[in-house]
Structure formats: C-alpha cells, structure tokens
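Visitor: Could you take me through this model and show me how to read its core and its backbone?

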Amino acid sequence: MKGTPETPQCGFSRASIQILGLQGVDPNKFAAFNVLEDEGLRQGLKEYSDWPTIPQLYLHKEFIGGCDILMSMHQNGELSKMLEEKDVLVPAEPSKEPQPTKP
C-alpha cells in the first residue's frame with residue numbers, strides 16, 4: 001500500500017484499509033508494506049502479480065487484486081466469504097446471555 005494502515009497516502013489505499021476493517025479482518029493477521037519507502041518493492045510487486053496498481057491484496061500468498069477488485073468483492077459478498085474461509089477475521093465474542101444452570 002501507499003503509506004501505512006494508520007496513515008494511508010492515497011485514496012485507494014485508504015479505501016482498501018477501510019474495507020478490511022468493515023469486514024472485520026484481525027489486524028494481527030495481516031501485514032502492510034509501504035511501497036513509497038521502497039521503490040524496488042513497489043516495482044517487484046507489480047511484476048510478481050502482473051498487476052499495475054497499488055495497493056494489492058494477498059491472502060495466504062495468493063494475489064486477490066487491487067482496490068477495484070476488493071471493492072467489487074466487498075459489495076457482492078465474495079470478500080466476506082473468502083475472509084471467513086481463510087480464518088482472518090476477529091473471533092466473535094462469546095454470547096453474554098446467561099447460561100441455564102443445572103439443578
């Protein structure tokens with residue numbers, strides 16, 4: 001991405017981070033790299049994925065796409081399903097409803 005999750009440096013990076021947050025991705029289960037700090041990384045990612053734009057999302061070493069693909073998958077529900085299947089979401093909190101007691 002351009003910038004960091006805390007301080008994105010472009011609208012597409014900001015949108016991607018917002019989508020991941022809305023989806024409930026566990027911050028401990030992803031890493032972000034600021035390509036503005038490393039031109040070699042920036043060009044290497046573009047060559048590796050054969051995708052011309054940044055940011056790029058990889059899930060378990062598999063290239064998913066850029067911001068446009070991420071947005072589309074978010075809107076049609078594919079992203080939610082994929083993130084759940086890959087177990088990268090924040091775990092749901094246990095129910096706080098009282099449990100029946102045994103006599």
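**Core and backbone**

Guide: Proline 55 is found in the loop between α2 (39-49) and β1, where helices (H or I, at least four residues) and strands (E, at least two) are DSSP runs numbered from the N terminus. This is a predicted model, in which local features need pLDDT of at least 70 and side-chain atom pairs count only at pLDDT 80 or more, while totals for chains, interfaces and linings use all residues. Residues are numbered from 1 along each chain as its sequence is written, and side-chain values use heavy atoms, with hydrogens and water left out.

Visitor: Which peptide bond is cis, and which residues does it join?

Guide: Most residues other than glycine have a negative phi, and most peptide bonds are trans. Here a cis peptide bond, with omega about 10°, joins isoleucine 54 and proline 55.

Visitor: What is phi of aspartate 50, and is this residue buried or exposed?

Guide: Aspartate 50, in the loop between α2 and β1, has a positive phi near 55°; at 67% relative accessibility it counts as exposed (over 50%; buried is under 20%, partly exposed in between, with a 1.4 Å probe and protein chains only).

Visitor: Which elements give two or more residues to the largest nonpolar core?

Guide: In soluble globular proteins, nonpolar side chains tend to be buried together. The largest nonpolar core (buried Ala, Val, Leu, Ile, Met, Phe, Trp, Tyr and Cys residues joined through side-chain atoms within 4.5 Å) has twelve residues, including Leu59 and Met82. The elements giving two or more residues to this core are α1 (11-23), β1 (57-59), α3 (67-76) and α4 (78-85), and the largest share, three residues, comes from α4.
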